[in-house]
Amino acid sequence: MLLPAGGLGMNSMMDDMNLIQQAQRHHLVVRELGEEIDLEIGPGDDDPAFANTPLIGGPPREPSAEDHDESKNMVMVSQLPSDDQDMSKGQPVKRKKKVVKRWREEWADTYKWAYVDVKEGTARIFCSVCREYGRKHRRNPYGNEGSRNMQMSALEEHNNSLLHKEALRLQMASKDKIIADKPIYVKALMSKTAGSIVEAALKRDPHEVEFIQSLQEVVHALERVIAKNSHYVSIMERLLEPERMIVFRVPWVDDRGETNVNRGFRVQFNQALGPCRGGFRFHPSMTLSITKFLGFEQTLKNALSPYKIGGAAGGSDFDPKGKSENEVMRFCQSFMNEMYRYLGIDKDLPSEEMGVGTREMGYLFGQYRRLAGHFQVPETPGSFTGPRIFWSGSSLRTEATGYGLVFFAQLLLADLNKDFKGLRCVVSGSGKIALHVLEKLIAYGALPITVSDSKGYLVDEEGFDYMKISFLREIKAQNRSLRDYSKTYARSKYYDEVKPWTERCDVAFPCATQNEIDQSDAISLVNSGCRILVEGSNMPCTPDAVDVLRKANVLIAPAVAAGAGGQVVAGEFELNHECNSVNWSPEDFESKLQEAMKQTYQRSLKAAADFGYQKESPEALVHGAIISAFLTLAQAMTDQGCV
């Protein structure tokens, strides 16, 4: 067997760099690029090419002549003299080295079973299941970081280690899932008053990571507002506590006759402006923290829209994927058995969200109608928003959110004296919002090139067209993988377990879920040429990612403003008696939607300018949208007194 001199040390170093990046992605340790840390690595010399390794996103360096000469220095291990072998045995197995954290993008998704954390002042490589470190958790024994087979072989070796098996045995015995705690990112605030608001929320809800993250972004945007009027401190404290939180069990029977229990949520966050409106989300990750965060975002979004209504959110940790029609129906009926008493035209108006489509909304409304004893309230066609079968209103109900995102981005581009024609656009997600974003981008002459799902992303360098979008819808309707698209369109490619943010683009549309863009993804976006990011999902960027984008002067169109087109504008049109007296044509509805998005855009910019944010600033739209929404809510809450 031939081995290059010093190869083992190089491969160990590659592993260490890769595992550090995994730690960055999962926020287990947060450090600056270029910082040196101690790691346990195997014997051997440093990789001679490491000093010239580029930062994230850079292409691999071509081997130089010197590297080529060094590669010739190979020896037959089996032919080494016995004295040399004895000397090699006497060398220490482990030693400390200073390793500069630089890595290549192609190692980004290797070894998800490991992470880096600090133990007794030293950074160690830990197993993500048993939370232990040491050489029993071996890294890749074959030294080939680019091969999926080699990675899987290393993973299999790890899974067969005695320490890992013991951890799994204890895990099963305790019936507890071992999950790494997500640290709460605490943002530095200029004002002590603003900091006290965040501190109070942290004391009250220390484990609600998503909600704390959302409120910190809002408080940061409102620092100048709070500094100008201390009265807003008490308003903010009241606003951050939801008016009503409903948590309940949802028992249902599957097709095998077995009983299952899920947890249901509904947070009616604020009704100062009118009855609540917000989505139902069915997803295994659903928690009270996520429900509160979604309700808070929806409250601000509704307050910013031209139509004043309250905000809410809800759902369940039920996963409709892989369930039969009857199982989904039985779950929805059980969910509504508890939920129906809190819904109504003057109370709460639920709508579609992730995991809840026309099928689920139909089952939910059917059970609501049965329990409530009526189909509609006078002059109002139903009390749910979503399935088109319930009313004769807008013919663009589901398209509104996606179209609204593109309309908002077009307004932003127009202020920069640009348009969409010829711009490369990267879109994440492949649900209703993402596919409708693709449709409108094509209509505006842009070149959308990606969609994604939970397993990876699909890129079509030729760009999508209407026929390809129709095929994507067919794939999604049949619960097939996006990988099947590349079987029909050979020039496209599907990448497993990665995100689309490394693709060259001018505009990005994250439309999948919260926190889908982390710090390394943001760096990739900047390196890929992205200049505008339009938030299709609520809070798609982690705090670290937001910092990276702002420092790079990437303009951000916040979901609070850009996403107001769907459940807010379209739903209000449907519930408005004047709108329901006629059946709006697509052209009429699109014109109304464009006007509503224009008003939202102008209100955001005006509020930003009133508090000293320049129009060209990457923070202008984000802060302006939040300021405008908050001032509207604060006025209503002040008028109505302490309730």
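In this predicted model, the buried residues of helix H12 are Glu 360, Met 361, Leu 364, Phe 365, Gln 367 and Tyr 368. Viewed down the axis of H12, these residues fall within an arc of 165°, so they line one face of the helix. A general property of helices helps in reading this pattern: an α-helix has 3.6 residues a turn, so residues three or four places apart point the same way. The partners of the buried residues of H12 are strand E9 (276–282), helix H11 (325–339) and strand E11 (348–352). The length of H12 can be checked as well. Its 15 residues, 358–372, should span 21 Å at 1.5 Å a residue, and the end C-alpha atoms are 20 Å apart, which agrees. Just after H12 comes Gly 373, with a positive phi near 85°.

It is helpful to set this helix against the protein as a whole. There are 23 helices and 19 strands in the protein, and 52% of its 643 residues count as buried. Among contacts between residues at least 6 apart in sequence, 72% join residues at least 24 apart.

Where, then, does the nonpolar packing gather? The largest nonpolar core holds 113 residues, of which Met 236, Phe 296, Phe 420 and Phe 509 touch the most other members. Helix H23 (residues 620–639) provides the largest share of this core, 12 residues. A second, separate core has 19 residues, and Trp 252, Phe 335, Met 339 and Met 361 are included in it. Met 361 is also one of the buried residues of H12. Returning to the largest core, Phe 509 has a long list of partners beyond four places in sequence. Among them are Leu 405, Ala 409, Phe 420, Val 437, Leu 441, Trp 501 and Val 534; the list also includes Cys 425, Val 426, Val 427 and Ser 428.

Helix H23 deserves a closer look. From its first C-alpha to its last, H23 reaches 28 Å over 20 residues, close to the 28 Å expected at 1.5 Å a residue. Of these 20 residues, 16 are buried, so H23 is largely enclosed by the rest of the structure. Gly 641, which follows H23, has a positive phi near 80°. Two packed helices are described by the angle between their axes and the distance between the axes. For H23 and helix H22 (residues 586–610), the angle is about 95° and the axes are 7 Å apart. Since angles of 65 to 115 degrees count as roughly perpendicular, H22 is roughly perpendicular to H23. On the H22 side, the contact is made by Tyr 601, Arg 603, Ser 604, Leu 605, Ala 607 and Ala 608. On the H23 side, the residues are Ala 620, Leu 621, Gly 624, Ala 625, Ile 627, Ser 628 and Thr 632.

Helix H10 (residues 288–304) offers another check on length. Its 17 residues should span 24 Å at 1.5 Å a residue, and its end C-alpha atoms are 24 Å apart, which agrees. With 16 of its 17 residues buried, H10 is largely enclosed by the rest of the structure. Thr 291 lies in H10 and is buried, with a relative accessible area of 0%. Beyond four places in sequence, Thr 291 touches Phe 265, Val 267, Met 286, Ala 313 and Gly 314.

Leu 435 is found in helix H14 (residues 432–443). Is this residue buried or exposed? Because buried means under 20% relative accessible area, Leu 435, at 5%, counts as buried. Apart from its neighbours within four places in sequence, Leu 435 is in contact with Ser 430, Ile 469, Leu 472 and Arg 473. Leu 435 and Glu 399 are 36 residues apart in sequence, and their C-alpha atoms are 8.9 Å apart in space.

Finally, two loop residues stand out for their backbone. Asn 479 is not a glycine, yet has a positive phi of about 55°. Asn 479 sits in the loop between helix H15 (466–477) and helix H16 (483–488), where it counts as exposed at 72% relative accessibility. Asn 515, also a residue other than glycine, has a positive phi near 55°. Its place is the loop between strand E17 (507–509) and helix H17 (519–527). With a relative accessible area of 26%, Asn 515 is partly exposed.

How values were computed:
Residues numbered from 1 in each chain as written. Predicted model: local features only at pLDDT ≥ 70, side-chain atom pairs only at ≥ 80, totals over all residues. Heavy atoms only, no water. Helix = DSSP H or I, 4+ residues; strand = E, 2+ residues; numbered from the N terminus. Buried < 20%, exposed > 50% of the residue type's maximum accessible area, 1.4 Å probe, protein only. Contact = heavy atoms within 4.5 Å. Expected span 1.5 Å × (residues − 1). Arc of directions from axis to C-beta. Core = buried A, V, L, I, M, F, W, Y, C linked by side-chain atoms within 4.5 Å. Axes fitted to C-alpha atoms, helices over the stretch in contact; angles between N-to-C directions. Parallel < 35°, antiparallel > 145°, perpendicular 65-115°, else oblique.
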